[in-house]
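Trainee: I have a model open and would like to study a single part of it closely. Could you walk me through it slowly?

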Amino acid sequence: MSNADIRGRFVWHELVTTDTKAAGAFYPKVTAWKTEAWDKDPSYTLWVSAKGPFGGVRTLPDAARAAGPHWLAYIGTPDVDATVQSAQRLGARVTMAATDIPGTGRMAVLADPQGAAFALYSPAAAPPSGASVSQEFSWHELTTSDAVAALSFYGELFGWTELRKHDMGPMGIYHLVGIQGVESIGMFKITGDKPMPTQWMCYAHVADVDKSANAAKTSGGKLVHGPMEVPGGSWIAHLIDPQGAAFAVHADKRVVSATPAAQPPKAAAPKSPAAPAAAKAPPPAAKPSPPTLSAPAAAPSASPAKPKPAPAVSAPATVPATSAQPVAAKTKPKKAPAKAAVKKAAKKKVPPKKAPKKAVKKAAKKKAAAKKRPKSKTAAKKTARKSSAKRKPVKKRARKASRRRSSGGFAVARRFAVKQADSLLKRLRGKKRR
């Protein structure tokens, strides 16, 4: 990679703070970073990853105490002095003149026309060919009073181009900016009664956003917003370290733990690694290639020459702070008892108590005696009535049958007698006529 290729890339990230020792203990708990002293100046601490140094931490100068602790992003340029002149022509202000870092490179600190602080850096020697790109910071975001003007300023200075726009409704337009066609920067205009500070927000790339947010809170930091999901499935959270420096963490996806986590309410949140105010801003279309080099030159240990205080870092007022969602412990369901245990329990069951033998014998004797007792007259009458009632229907049926038989025989005799009488009358009548 040549010096020309570093133009417009974020090549170094420096934490300027009031307590370097405390910061060096805090950030490794939130990220996978390590710290080590710079061999050229032991008072300067380096942030180190598996690929080598990618940033540093130094003490906030007394002249800049009003600015408060903050992160300062270094943008690469082949010629620091020429870039400083161009920036001044475009309305930027120099807060630290171009300075050489012996055996390392040259740098300068500026404030853009809207007041956001950034630094320029040009290494003394070009990085070796084939040097890999660091992934420790995956997104950078500018909150400003004029996003269109800022886009024009940085575009002319570093060749950045606007790749997309995202309409956030009442919150305005979110501008997605790219370096060599890759989205890795966001810009939006500050809105609201209590505006956010004009500043650059650096997003540290982490493996687990929930773990990082929880670690920040337990280590004395503050969770400002999130964790929340953004388009593409990545997750972000906005934090403030114990000394007051604002930063953010960004994970490619949410890590699903063995125990189910309590689902956070789906808020109308930023749709990209964006500041809390940038609701519904889209994320990079692809995983951005951070501009940091694998072995960049260390940042200077010299203090700025009377730099103008940068805006104080404060938690955004437009979005309420939320707490990280705790992981709910999974309660294991009780297993059904085994068959052997059930049988054992059945054997142990106490059988119902039996009545004493004497009581049983006594009851049997009473029952037998009751059967042998002579029935009373009333009882006898009742049984006789019942038996006669049963016999009555049989007698009635027999009488009816006999009546039918008798009535049938009488009818036949009667008909025969009538015939005999009729024939006799006919004979008599015939004799009279003669």
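Trainee: Is Val84 buried or exposed, and what is its relative accessible area?

Mentor: Happy to help! Keep in mind that this is a predicted model. Val84 has a relative accessible area of 11%. The cut-off for calling a residue buried is under 20%, so Val84 counts as buried.

Now look at its setting. Val84 sits in helix 2, which spans residues 80-89 and has the highest mean pLDDT among the elements of the chain, 97. Once neighbours within four places in sequence are set aside, Val84 is in contact with Val94, Ala108, Leu110 and Leu120. You can also find Ala119: its C-alpha lies 10.0 Å from that of Val84, with the two positions 35 residues apart in sequence numbering. As a general rule, nonpolar side chains in soluble globular proteins tend to be buried together.

That brings us to the cores. The largest nonpolar core holds 50 residues, and Tyr27, Trp71, Phe118, Tyr154, Trp160, Met187 and Trp200 touch the most other members. Helix 3 gives this core its largest share, six residues. A second, separate core has 16 residues, including Tyr174, Phe188, Ile190 and Val230.

Helix 3 deserves a look of its own. Its twelve residues, 147-158, should span 16 Å at 1.5 Å a residue, and the end C-alpha atoms are indeed 16 Å apart, so the two values agree. Among its buried residues are Ala147, Leu151, Tyr154 and Phe158. At the start of the helix, a side-chain oxygen of Asp146 comes within 3.3 Å of the backbone nitrogen of Val148. Just past the other end, Gly159 has a positive phi of about 80 degrees.

Next, try the strands. In strand 1 (residues 10-17), eight of the eight residues are buried, so the strand is largely enclosed by the rest of the structure. Strand 1 runs antiparallel to strand 5 (residues 70-76), joined by six bridges, and Glu14 has Leu72 as its bridge partner there. With strand 4 (residues 52-59), strand 1 pairs in the parallel sense over five bridges; His13 is matched with Gly55 in strand 4.

Strand 15 (residues 235-240) tells a similar story: six of its six residues are buried, so it too is largely enclosed. In a regular strand, side chains alternate between the two faces of the sheet. Here Trp235, Ala237 and Leu239 point one way, while Ile236, His238 and Ile240 point the other way. Strand 15 pairs antiparallel with strand 14 (residues 222-229) over five bridges, and antiparallel with strand 16 (residues 246-251) over six bridges. Ile240 is a handy landmark, as it stands opposite Lys222 and also opposite Ala246 in strand 16. Both hairpins contain a glycine with a positive phi: Gly232 near 100 degrees between strands 14 and 15, and Gly244 near 110 degrees between strands 15 and 16.

Finally, a word on confidence. The chain averages a pLDDT of 74, and 61% of the residues score at least 70. Helix 5 (residues 339-348) has the lowest mean among the elements, 54. Residues 258-272 have pLDDT below 50, although the model gives this stretch 48 contacts beyond near neighbours in sequence. Residues 274-337 also stay under 50, with 216 contacts beyond four places in sequence. Where pLDDT is low, the predicted coordinates should not be read in detail.

Technical notes:
Residues are numbered from 1 along each chain as its sequence is written. Side-chain values use heavy atoms; hydrogens and water are left out. Buried means under 20% relative accessible area, exposed over 50%, partly exposed in between (1.4 Å probe, protein chains only). Helices (H or I, at least four residues) and strands (E, at least two) are DSSP runs, numbered from the N terminus. Two strands pair if DSSP finds at least two bridges between them. The expected span of a helix is 1.5 Å times one less than its number of residues. A polar contact is a pair of N or O atoms within 3.5 Å; within protein, one must be able to donate a hydrogen and the other to accept it, and residues adjacent in sequence count only if both atoms are side-chain atoms. A nonpolar core is a set of buried Ala, Val, Leu, Ile, Met, Phe, Trp, Tyr and Cys residues joined through side-chain atoms within 4.5 Å. pLDDT is the predictor's confidence in each residue, from 0 to 100. Contact means heavy atoms within 4.5 Å.
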